[in-house]
Amino acid sequence: MNNDLAIAQAAQLEDIYKIGEKAGIPADALEPYGKDKAKISQEFINSCKDHKDGKLILVTAITPTKAGEGKSTTTIGLADGLSLIGKNVVAALREPSLGPVFGLKGGAAGGGYAQVVPMEAINLHFTGDMHAITTCNNLIAAILDNSLYQGNPLNIDPEQVVWKRCLDMNDRTLRDITIGQLKKSNGVERRDHFVITVATEVMAILCLSNDLKDFEERISRCVVAYTYDHKPVTVKDIGAAGAAAVTMKEALKPNLVQTLEHTPVLIHGGPFANIAHGCNSVIATRLALKLGDYVVTEAGFGADLGAEKFLDIKCRAAGFKPNAVVIVATVRALKMHGGVDVNELEKENVEAMLAGAANLEKHIESIKAFGVPYIVAINKFAKDTQAEVSALLNWCRENGHPAEEADGWASGGKGMTDLAKHIVEITDEESHYAPIYDVDETIEEKITKIAQIVYGAKDVEFSEEALAKIETFKENGWDKMPVCMAKTQNSITDDANLKGRPVGFTIHVRDLSVSAGAGFVVAYTGSILTMPGLPKVPAAINMGVDENGKTYGLF
């Protein structure tokens, strides 16, 4: 079987206007970027507001490992499977970040025969949304530093500037830098930091805004610095809100593409789930709900991260009520959680796989805490043995968990029809969705509920710096917002080395920040970083363009 890139390059794409017609979007509402992708006009989005909502299906996963879980592959394959059984379906996905594409993780366009296309464009520059977010963020930073240079009329303390510059690339050297060096005309010398674009508050606001006006109102509330007497300074205070909205005018429009089987997909926004809220835009999800009878979406990393934030932050903010959750697991990943070395995964090991199922069980418990019906999707790999797959299916059934095999990678929608039929049944059940905490609870109470209910922690420990920040947030009225946990994706704890289902552990909250525009408080745990670095051998090393102009090495 060909690799992902070869499959995508061989695909025969339908004209984007035909995909729009399939989704119920008229030609005059599409703003094409070539023949295979388009943005959707705000006027059309407004015209759909009174349409009945379809059913919302979230795809999440167990704790990720190097063995792979295939959450995006399952999401896309499920959308194609629903289409094959005659359902009107629209998928709503995140935009990939360039950092992982050239680093270690790879892209986020699915895999095998369950992909969104044009895969290369989606994983690279696409329609320019990431560039717009980066520009918006750095424009605010430039205006802020210019205010400091031009006499500092707002009395900003350069040591208390909290707005960071960004780049959509993994570059560890930019985590801690000094700017304005050498001469006065270069600006006020101070320490600065870069974060990756998908971790910025601008990205979070794009994904939580209802429209451009709402974006401008939210961005105006963002805190960029504090004065010498510790008063917050906002984007509105430095006069940058209008210009920020100008840079984002086109980026607020969702993007229409297709799967390999021509199912309509809206791709818009892409915050990381380990350092941001991990969900695609409210605009795209809401439009998908107005267009499709079934909407399949995803949230980043495991259920402890993306799904928790989808259910506690996004759904609360947008008023969504999810109808079902799909929890993706693979035999290979469960074997790693059961203690098998990555180099031994191809050997049959039912015992280790069942031991690793404790991780799956914890994520199931977490989803059940939100009151949403669920199903386990066993994403198949070619070298999984029948004994292993059967054992996992039996484990699910013996423990009362609905489950189906998912073979989207090798077979596309045809390999997902059993899961699709089961999902239709589950979405007919009543969803009792509710967030696990009330926003009026204290910040400490909200964090503790997430840690204990979703992670299974025994306790939470707050650093002195974190406790001081909590007091500041209370004084400024920022304590009555949801909490976005920044935590390693590699464990349900804040220690990336702990696999499976650890118990009796403590979550360590070392710092907090406020995203007043996005509408949440960020809690930083363990050693989580907001600017990733490249691995020893980055994926970029093996990429290039051949003599015929074709990309190679892009997965």
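1. Let's start with S41, which counts as buried because its relative accessibility is 7%, below the 20% limit. In this predicted model, S41 sits in the loop that links β2 (38–40) to α3 (42–47). Not counting residues up to four places away in sequence, S41 touches A29 and E31. If you want a sense of scale, S41 and L392 lie 46 Å apart, C-alpha to C-alpha, with their positions 351 residues apart in sequence.

2. A neighbouring topic is I16, in helix α2 (residues 16–23). I16 is buried, at a relative accessible area of 0%. Its C-alpha atom is separated by 5.9 Å from that of K37, although the two residues are 21 apart along the chain. Once neighbours within four places in sequence are left aside, the contacts of I16 are L30, K35, D36, K37, A38, L256 and V257.

3. Next, please look at the helix pair α7 (residues 129–149) and α8 (residues 201–208), whose axes come within 9 Å and cross at roughly 125°. The two helices are therefore oblique to each other, since that word covers angles outside the parallel, antiparallel and perpendicular ranges. The crossing of α7 past α8 is right-handed. Which residues in α7 and α8 meet? From α7 they are M130, I133, C136 and N137, and from α8 they are V202, M203 and L206. This contact divides into 6 nonpolar residues, 1 polar residue and no charged ones.

4. The largest nonpolar core is worth a visit too: it has 142 residues, and those with the most contacts inside it are I140, M248, L360, I447 and L512. Helix α7 gives the largest share of this core, 8 residues. For L360, the contacts beyond its neighbours within four places in sequence are I62, I327, A329, L334, V376, L392 and W395. There is also a second, separate core of 41 residues, with A109, V117, Y294 and A420 among its members. As background, nonpolar side chains in soluble globular proteins tend to be buried together.

5. Is helix α11 (residues 282–291) largely enclosed or largely open? With 9 of its 10 residues buried, α11 is largely enclosed by the rest of the structure. The buried residues of α11 are V282, I283, A284, T285, L287, A288, L289, K290 and L291. Do note that the list includes K290 and T285.

6. T234 belongs to strand β13 (residues 232–234). T234 counts as buried, at 16% relative accessibility. Leaving out residues up to four places away in sequence, T234 touches S220, R221, C222, V223 and V224.

7. Finally, some backbone geometry that you may like to check by eye. Most residues other than glycine have a negative phi, and most peptide bonds are trans. Here V117 and P118 are joined by a cis peptide bond, with omega about 5°. P118 lies in the loop between β6 (114–117) and α6 (119–123). N152, which is not a glycine, has a positive phi of about 50°. N152 is in the loop between α7 and β7 (156–161), and at 18% relative accessibility N152 counts as buried. L182 is not a glycine either, and has a positive phi of about 80°. L182 is placed in the loop between β9 (177–179) and β10 (190–192); at 86% relative accessibility, L182 counts as exposed.

Technical notes. Residues are numbered from 1 along each chain as its sequence is written. This is a predicted model: local features need pLDDT of at least 70, side-chain atom pairs count only at pLDDT 80 or more; totals for chains, interfaces and linings use all residues. Side-chain values use heavy atoms; hydrogens and water are left out. Axes are lines fitted to C-alpha atoms, for helices over the stretch in contact, and angles run from 0 to 180 degrees between N-to-C directions. Helices (H or I, at least four residues) and strands (E, at least two) are DSSP runs, numbered from the N terminus. Angles under 35 degrees count as roughly parallel, over 145 as roughly antiparallel, 65 to 115 as roughly perpendicular and the rest as oblique. A crossing is left-handed if the near helix is turned anticlockwise from the far one by less than a right angle, and right-handed if clockwise. Contact means heavy atoms within 4.5 Å. Ala, Val, Leu, Ile, Met, Phe, Trp, Tyr, Cys and Pro count as nonpolar, Asp, Glu, Lys and Arg as charged, and the others, Gly among them, as polar. A nonpolar core is a set of buried Ala, Val, Leu, Ile, Met, Phe, Trp, Tyr and Cys residues joined through side-chain atoms within 4.5 Å. Buried means under 20% relative accessible area, exposed over 50%, partly exposed in between (1.4 Å probe, protein chains only).
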